[in-house]
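Colleague: Got a minute to walk me through this one? I'd like to know what I can trust before I start looking at details.

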Amino acid sequence: MMIRRLSNHIQYQDMTYSPLAPSPICGLRRRRIFMIASFITMFIILITSHYWIISLINSDHINSIIDSSPIKVKTEEREEISNDDVETRTTVDTAARDDDTDGYDDTEEDDDGHDDTEDDDNEDDDDGHDDTEDDDDDDIPPHAKLGVDPIYIELFKKAQLLSKYDYASSHQHGKFGIVIGPTEGEFRHTLKALENGKRISSILQLNQIQQGLSTTTKKDLKLALMASPEHVQILDSCSSYMINQQPNKINITRFKEKMSDAVIENLPDQNELEEACRLWANGTLFDHTLKMNDAPYKHNDNHTNLDQGSSKYWLKALGGYRLAPYQHSLFLDSDSYPCPGVQKLFQLTDPDGYLFGKYWQLPVSGPGDLAIGVDQFAAWQNGLWIPGDKKVLSDCSNFAERNTGAVLFNFQRLLAHTLAHFIPLVSEHIYNNVATPEQKVVNDQVPFRVALYLFRRFQPDFVEHQIPMHASCRTYPGVQHSGTDGFLNGMYPLQHDGKPCKECSCTPCLINHTPDYPVTIGGFMGWEKHVPTNLMPLLPYTGIN
């Protein structure tokens, strides 16, 4: 040992140093630096692996949301191969949304030859979207986070991720369209949607006649149905149990035999089935049909007042906005019946377009990302659902509930698509983690209101236009418990005979969400067997100029 130390001592003394030669002290420092760097590297790898595992867990939920129900597109040129049962059918519908393994929706543009973006003044690319903001940083302004429960901030970031992932492949089946539904459960709800679809189709034909166009001309406003796969299966099978191919003649025995293997609750009776098949018209009534499978969100009916519905259905409805086939999509409940002139509402989201005539009221000159009316019970229980600190978010109690029976989205901006993802995420959280068996959610307006309140707070550039209450009429006229009485506030004013208005020609309402008060067009609801094609009522409020 003494010889080795002496040798080392002599070696170090004889070593000649230069600015370029490393010193032994430098070597020791390098070893320490190397050890420290190795420790830091291992620490970074551990942290990265931890977040990678968490992201894998979260990605399962994200992928389940992205892989959603298919859209069937009406065409007369090819047969359909259903994505659900791989059954080839010879109806006029065809599957146009095939979700492959990469998680993207490879929907092609509709093949009607119509340029769906020719009336848009924005410089949109081939997907029809305004992508000028796609790459912007959508972080929440710091002051907007004050008082908000952090879970909603995380849900917002998740919605951003989801919307950027599937935005480019969404809303590609036309520029303007009306979507009815979704419907499930009792078949009568889908029958209502079919009746409403026929009414809207009659309005669109009337519009073409007034413009001097042939009713066979491709219409600029498209029509879609959202319904459960079971109800769509019933409609697609209409031709299988018709007698002599007459839609109003159904062999109910053959129908029950055909449906015996299908797990379908609440099968329609013969009268409902015959009427549905007549209106369905082998799929030609609607341009697109969306099969609404179970939503990829967790529901909790123990926290829901089941008198008006279920959280499972409401999540399906609230999650359906993101599946809208059109860039400007007006969602209607099956019992929200429009009047001629309803097309003019699209000026709220497309103020520079004059395809459907000028609307008589526009809040601001800019296009809205969302247009919706105030609900008849605007402030009911609002104080129970504050998404954070009640003192900081004191304005939330005065943020009115919206009428979700008529909702108009403008998906030409990414903001609206992000909102469409954010709404069901917030709703899922409220149904499961905020509501309790003692404090139940009573409808879908509650989580919609909370999500919209937060989104407007998080995204100052988001534009919401209000559809006036006298245009989107949500009321129970003459009913004492109604939040808004359409007889008293002028929705359905008294006529010369002393009776309230019950015709589209004497009401300012463009949409009538009045379940117990049917409003007719020239004396017809619009779906009767022998309804005239030329209904020409004088419409002082909503007539086409």
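**Confidence first**

Modeller: Sure. This is a predicted model, and the chain averages a pLDDT of 75, with 66% of the residues scoring at least 70.

Colleague: Where in the chain is confidence lowest, and where is it highest?

Modeller: The low end is strand E3 (residues 88-89), with a mean of 28, and the high end is E10, at 97. Over residues 75-126 the pLDDT is below 50, and beyond near neighbours in sequence that stretch has 112 contacts in the model.

Colleague: How should I treat places where pLDDT is low?

Modeller: Where pLDDT is low, don't read the predicted coordinates in detail. Residues 537-545 also stay under 50, and the model has 22 contacts beyond four places in sequence for them.

Colleague: OK, on to the inside. How many residues does the largest nonpolar core have?

Modeller: It has 55 residues, and those with the most contacts inside it are Tyr321, Phe409, Phe422 and Phe458. Several elements each supply at least two residues of this core, including helix H3 (150-166), strand E6 (221-227), helix H8 (311-318) and strand E12 (370-374). Strand E13 (402-410), helix H9 (414-434) and helix H10 (445-458) do so as well.

Colleague: Which of them gives the largest share?

Modeller: H9, with 10 residues of this core.

Colleague: And what does Phe422 touch?

Modeller: Leaving out residues up to four places away in sequence, Phe422 touches Tyr152, Leu155, Phe156 and Ala159, along with Ala451, Leu454, Phe455 and Phe458. Apart from that core lies another one, of 47 residues, with Ile180, Ala371, Leu510 and Met525 among them.

Colleague: Let's talk strands. How many of the residues of E5 are buried?

Modeller: 8 of its 8, so to speak a mostly covered strand, spanning residues 176-183.

Colleague: Which strands is E5 joined to?

Modeller: E5 runs parallel to E6, joined by 6 bridges, and Val179 has Ala224 in E6 as its bridge partner. E5 is also parallel to strand E10 (residues 328-332), with 5 bridges joining them. There, Ile180 stands opposite Leu332 in E10.

Colleague: What about E10 and E13, parallel or antiparallel?

Modeller: Antiparallel, over 5 bridges. One pair to look at is Phe331, which stands opposite Val407 in E13. E13 is joined to E12 as well, again by 5 bridges, and those two run antiparallel. Val374 has Arg402 in E13 as its bridge partner.

Colleague: Why do you call E13 largely enclosed?

Modeller: Because 9 of the 9 residues of E13 are buried, the rest of the structure largely encloses it.

Colleague: Back to H8. Which of its residues are buried?

Modeller: Ser311, Trp314, Leu315, Lys316, Ala317 and Leu318. That makes 6 of its 8 residues, and H8 counts as mostly covered.

Colleague: What covers them?

Modeller: The cover over the buried residues of H8 includes E5, H9 and H10.

Colleague: Changing topic: I want to check the backbone. Which peptide bond is cis?

Modeller: The one from Gly181 to Pro182, with omega near 10°. Pro182 is found in strand E5.

Colleague: And which residues have a positive phi although they're not glycines?

Modeller: His171 is one of them, with a phi of about 60°, and Asn282 has about 55°. His171 sits in the loop between H3 and E5, while Asn282 is in the loop between helix H7 (270-280) and strand E9 (288-291).

Colleague: Is there a contrast in exposure, or what are their relative accessible areas?

Modeller: His171 has a relative accessible area of 3%, so it is buried. Asn282 has 38%, so it is partly exposed.

Colleague: Last one: Leu206. Where does it lie, and is it buried or exposed?

Modeller: Leu206 lies in helix H4 (residues 187-210). With a relative accessible area of 4%, Leu206 is buried.

Colleague: How far is Leu206 from Pro532, in sequence and in space?

Modeller: They are 326 residues apart in sequence and 10.0 Å apart in space, C-alpha to C-alpha.

Key: Residues numbered from 1 in each chain as written. Predicted model: local features only at pLDDT ≥ 70, side-chain atom pairs only at ≥ 80, totals over all residues. Heavy atoms only, no water. Core = buried A, V, L, I, M, F, W, Y, C linked by side-chain atoms within 4.5 Å. Buried < 20%, exposed > 50% of the residue type's maximum accessible area, 1.4 Å probe, protein only. Helix = DSSP H or I, 4+ residues; strand = E, 2+ residues; numbered from the N terminus. Contact = heavy atoms within 4.5 Å. Pairing = 2+ DSSP bridges. pLDDT = per-residue confidence, 0-100.
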